[in-house]
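Welcome! Please look over the sequence and the 3D view, then try the short exercises that follow.

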Amino acid sequence: IPALVATWSKVLLLQQTKLLKTGRLVFDPGQNTLMGLTKQYLSYVPAGNFNIIASTGCNVVFLSLEGQDGRFVGAAACEDVVVWDLRLGEKALVLPGDKHQVTCLAACPDKQHLAVGYRDGSVKVFNLKTGENTTVFSGHRADITCLVYDADGHRLVSGSKDTDIILWDVVAETGLHRLIGHKDSVTQITFMNQQNVLVSSSKDTLVKFWDLDTAHCFKTLVGHRSEVWGLCLMKEDKYLVTGCSDSELRVWDLQFKDTTNDNIENIDKLVTVDTETEKEGFLAEDQEEATDDTCPLRCIKYGSLLRSGRGRVVTLTSDPTGQVMACHGTENTVEVFHFLSDDAARIKVKKRIRKARKKTSGSETQPSEVPEPEAKLQLKDEVQRISVIKAGGKVKSVTVVMGKGYEIRVAVTLNSNEVELFTIEGFNKDSEFHCLRRITSQGHHSAVRAVAFSSDYLAMVSASLEAVKVWNRPSLACLRTVETGYVLSVCFVPGDRHILAGMKDGRMLIIDIAAGDILEEIPAHTKELWSLAIIPDLRGCVTGGGDATVKFWQFELIEDQANNSKAKVLSALHTRTLKLEESILAVKVSPNNSLIAVALLDSTVKIFFVDTLKFFISLYGHKLPVLCLDISYDSTLIVTGSADRNVKIWGMDFGDCHRSLFAHDDSITAIQFVPKTHHFFTCGKDGRVKQWDADSFDKILTLQ
């Protein structure tokens with residue numbers, strides 16, 4: 001027993017000595033004992049997002065702020081909602097969200113609230129005056145696909161990918177009914193103003209009518225052969241328009257049995273199809289759904305509107321009055337239709353009859369053989385096609401509003417991260433839509449490939465497939481936009497007055513931030529310029545390209561020959577070249593300016609001496625090419641991120657691998673040390689940003 005006690009005492013003393021050296025134990029002189037030290041890290045919380053004008057996975061809605069209609073639109077920006085002032089072209093309000101993406105928006109008729117649906121199935125109601133979240137509804141298990149208020153704004157209905165429809169009481173902040181019946185995602189919902197009825201469409205090809213008094217489906221419309229992507233009610237619930245995967249917009253005549261005698265007589269309309277009608281883009285049919293005598297609603301197919309666009313209907317919407325309808329497909333065109341009033345439709349019928357009689361009176365046929373023109377209303381008499389809107393890109397969402405003097409305003413969001421506002425005066429056939437405002441400068445229109453901070457951290461630069469943008473960090477506003485082309489790498493030049501940009505064609509651009517111009521285009525490489533790195537002495541930079549060369553550049557001030565001025569401008573002079581066997585994906589110079597690390601296409605990282613360019617060590621172990629690397633502030637550690645989803649931590653002295661971490665679920669695209677620490681961040685194509693400790697090999701946090 002004494003021998004065992006002596007052995008364990010030695011083991012315990014050795015462990016405490018080891019922990020004391022690593023800093024995990026601290027000596028307490030008051031208690032004369034060793035106590036454990038808790039490792040503490042800095043936490044990171046969202047501080048705002050930028051570069052997003054409108055997310056493509058959500059609709060856009062007109063909002064009323066400051067008592068003005070048609071000026072403000074609400075659009076999703078990832079998990080936030082941005083209200084854009086289309087007159088000034090800037091943000092008027094930002095409604096912050098949590099960690100889930102916004103999928104649907106709905107404006108309340110009281111013009112004071114906005115309902116927002118999220119990807120996790122929750123619905124939040126925001127006050128537009130204060131910007132505060134007033135109510136949260138949780139009842140769905142999947143993405144919210146549609147949200148609609150009733151005419152009074154007291155009830156809200158939500159549809160989801162979980163096939164359920166839930167009716168919410170906004171005043172009492174509670175759920176009223178869960179309507180179950182659809183077998184696929186709910187695509188569109190609308191309230192009937194004249195009846196306490198809800199109409200819903202789904203990807204299961206069905207349109208259902210729900211009685212909200214008894215919370216059950218009393219009629220199902222089965223006249224569609226493909227998914228019903230949208231619906232809207234027109235002319236005070238007289239017509240139902242549905243859009244499917246074809247180029248046809250089906251118009252259904254809705255008649256309740258307890259309506260007036262005039263409407264019952266209109267049920268028996270028989271509309272003939274003539275070639276002239278079909279040429280104008282209208283199809284009229286005599287098709288009635290098989291109805292039960294006990295059903296209070298009769299639904300007759302009144303005709304079809306032929307769209308000029310191809311592909312399925314993406315959005316089908318109407319203005320609050322039910323007179324103007326807008327729809328778009330998968331292309332860059334938006335079609336607008338106007339449903340005429342009954343008086344205007346009758347005038348159009350009289351003109352059509354008068355024109356037909358004049359045509360027959362001039363013909364050589366006998367009067368007995370001439371058919372009498374149809375005097376009843378047809379679809380082409382009640383619907384007028386307004387001019388087509390051609391947007392600047394692929395349209396993702398549309399909203400329409402009609403103002404005073406029959407001015408129609410249409411706001412569209414594009415696939416290229418833009419918002420456009422179009423307007424037209426009146427319903428004349430000759431008038432055309434013209435673009436009133438286009439919001440483009442507040443974001444890139446393609447994927448961002450590189451970002452960088454200035455030395456004082458007050459400015460940021462981002463580069464995409466078409467431009468380089470400079471941003472103010474405190475306000476997140478765009479300061480400069482320079483049209484460049486396909487940029488792969490970007491960094492600030494010491495002094496923060498210029499930017500270096502590496503292009504896909506191998507050029508290196510020197511950009512003047514103050515003027516917003518390109519000072520010089522240097523043909524640095526013959527293939528892609530994948531990586532740029534500033535030399536620690538701040539006198540030059542290093543570039544690595546797809547032509548298997550690493551080039552060293554020295555900054556110089558030369559005379560401005562283009563403007564013939566005495567002022568000198570920045571330029572870069574090529575000094576040395578390091579030729580290798582494989583394409584170079586990333587380069588980095590150690591902070592002590594003694595070593596340079598080069599990531600090659602053969603999945604290895606080679607380290608050379610900066611002064612002589614002689615080979616030092618090779619780091620091998622990744623199964624796929626290394627896409628990014630970084631060196632710690634004390635030049636003792638190097639971390640590499642690869643397409644094999646692993647991060648490896650190496651020692652710079654012997655090239656030994658300290659640890660290999662399975663970091664992400666997809667390729668690791670960027671890696672960087674936090675200054676003056678051994679903590680580093682990684683990000684990947686899996687949509688995650690993670691922080692790691694290179695000493696203890698622990699994962700500190702994950703940013704969604």
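**Exercise 1: a salt bridge with two settings**

With a relative accessibility of 54%, Asp98 counts as exposed (exposed is over 50%, buried under 20% relative accessible area, partly exposed in between, with a 1.4 Å probe and protein chains only). This is a predicted model, where local features need pLDDT of at least 70 and side-chain atom pairs count only at pLDDT 80 or more, while totals for chains, interfaces and linings use all residues. Residues are numbered from 1 along each chain as its sequence is written, and side-chain values use heavy atoms, leaving out hydrogens and water.

Task: find what the side chain of Asp98 meets in a salt bridge (a side-chain nitrogen of Lys or Arg within 4 Å of a carboxyl oxygen of Asp or Glu).

Solution:
- Step one: the partner is Lys124, at 2.8 Å from N to O.
- Step two: Asp98 sits in the loop between strands S6 and S7, and Lys124 in strand S9, 26 residues apart (strands are DSSP E runs of at least two residues, helices H or I runs of at least four, numbered from the N terminus).
- Step three: Lys124 is buried, with a relative accessible area of 10%.

**Exercise 2: a pair between helices**

Task: decide whether Arg352 is buried or exposed, then locate its salt-bridge partner.

Solution:
- Step one: Arg352 has a relative accessible area of 18%, so Arg352 is buried.
- Step two: its side chain meets that of Asp381 in a salt bridge, 2.9 Å from N to O.
- Step three: Arg352 lies in helix H4 and Asp381 in helix H5, 29 residues apart.
- Step four: Asp381 is buried too, with a relative accessible area of 2%.
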